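Let's take a walk through a protein and its DNA together. Have a look at the picture first, and then we will go through it step by step.

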Amino acid sequence: MTRLDFLNAPVEWAARRLLGCELVSDIGPRVRVRIVEVEAYDEHDEASHTFRGQNARNAAMFLGAGHLYVYRSMGIHYCCNVVTGAEGHGAGVLIRAAEPLEGIEEITRRRGREGIGATNGPGKLGQALGADVALSGSSLDDGPITLVVRDPVPDEEIATGVRVGISKAAELPRRFYLRGNPYVSRHHGAPGPRRAATQAGHAGG
DNA sequence: TGGACGATTGACT
DNA sequence: GTCAATCGTCCAA
């Protein structure tokens, strides 16, 4: 039992609950960021790494709520996920973007750039936190990267949209972000944060 | 054992 | 707006 057991819940609820919470990395000089954009994935989701069952890469996703899952994207980038749900279920929340709160100098050093562009994407955030696959499976309760739980964000501040960069189940509205937050990622193609609020944001309220 | 692809980013036009 | 970088994992044979 840990203070993160509340993440043992439906992944979409957990995803919304994680908005506004903070991630603290003590891998190097302390870095602390506030989560502003997430996406939900679970084992029934064709776009999820866990859809085809457990394997060596995604084993961390089956460890249960409160663990960290890190994977490599496009052979280059590292992306961070918060594992949710019960042990053996293969559900988690991708942290897509965050707002730097502490250790901004370290983030700038790792990223080679500063400002909004330093943490407004999943690969960027992974680099800013110093994450890599060696951290996959570690505990977010007392591991090198920890989750700081904050008060829930009011529903009216949460926008909903379709997920980014996937080809399967791309229509599912399982992306959640803080409405109007400048650190929410922008990307090519699909409706971005500004338009999603009017096009795909019905579920957000 | 070999071929295709990916929960992305950044540079260039 | 368009495209290259880059490599582990998965699926087919």
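Which atom of DNA strand B lies 2.4 Å from an N or O atom in the side chain of N81? The partner is a base nitrogen. Before we go on, a word about what you are looking at: this is a predicted model, in which local features need pLDDT of at least 70 and side-chain atom pairs count only at pLDDT 80 or more, while totals for chains, interfaces and linings use all residues. Residues are numbered from 1 along each chain as its sequence is written, chains are lettered from A and ligands numbered from 1 in the order in which they are written, and side-chain values use heavy atoms, with hydrogens and water left out.

Let's begin with the overall build. Chain A contains four helices and eight strands; helices (H or I, at least four residues) and strands (E, at least two) are DSSP runs, numbered from the N terminus. Follow the sequence and you meet them in the order α-β-β-β-β-β-α-α-β-β-β-α. The C-alpha trace of chain A spans about 40 × 40 × 35 Å along its principal axes. Of the 205 residues in chain A, 51% are buried, where buried means under 20% relative accessible area, exposed over 50%, and partly exposed in between (1.4 Å probe, protein chains only). Now take the contacts (heavy atoms within 4.5 Å) in chain A between residues at least 6 apart in sequence: 61% of these join residues at least 24 apart.

Next, find helix α1, residues 11–18. Its buried residues are V11, A14, A15, R17 and L18. They cover an arc of only 165° around the axis, so they sit on the same side of α1; the arc is that of the directions from the helix axis to the C-beta atoms. Among the elements that cover these buried residues are β2 (31–41), β4 (77–84) and β5 (91–102). After α1 comes G20, with a positive phi near 90°.

Now back to DNA strand B. Around this strand there are 23 residues, of which H49, Y71, N81, R111 and K124 come nearest; a residue is near a molecule or strand if one of its heavy atoms lies within 4 Å of it. Helix α3 (122–129) gives the most to this surface, with three residues. Of the atoms of DNA strand B within 4 Å of the protein, 52% belong to sugar or phosphate and the rest to bases. An N or O atom in the side chain of S73 is 3.3 Å from a sugar or linking oxygen of DNA strand B, and one in the side chain of R96 is 3.5 Å from a phosphate oxygen of that strand.

DNA strand C has eight residues around it, and R52, N55, R72, M74 and I76 come nearest. For this strand, 68% of the atoms within 4 Å of the protein belong to sugar or phosphate. A polar side-chain atom of R52 lies 3.1 Å from a phosphate oxygen of DNA strand C, whereas a polar backbone atom of M74 is 2.6 Å from a base oxygen.

Finally, zoom in on R72, which lies in strand β3 (residues 68–73). R72 is partly exposed, with a relative accessible area of 43%. Its side chain makes a polar contact of 3.4 Å with that of Y78; such a contact is a pair of N or O atoms within 3.5 Å, and within protein one must be able to donate a hydrogen and the other to accept it, while residues adjacent in sequence count only if both atoms are side-chain atoms. The C-alpha atoms of R72 and V133 are separated by 7.1 Å, although these residues are 61 apart along the chain.
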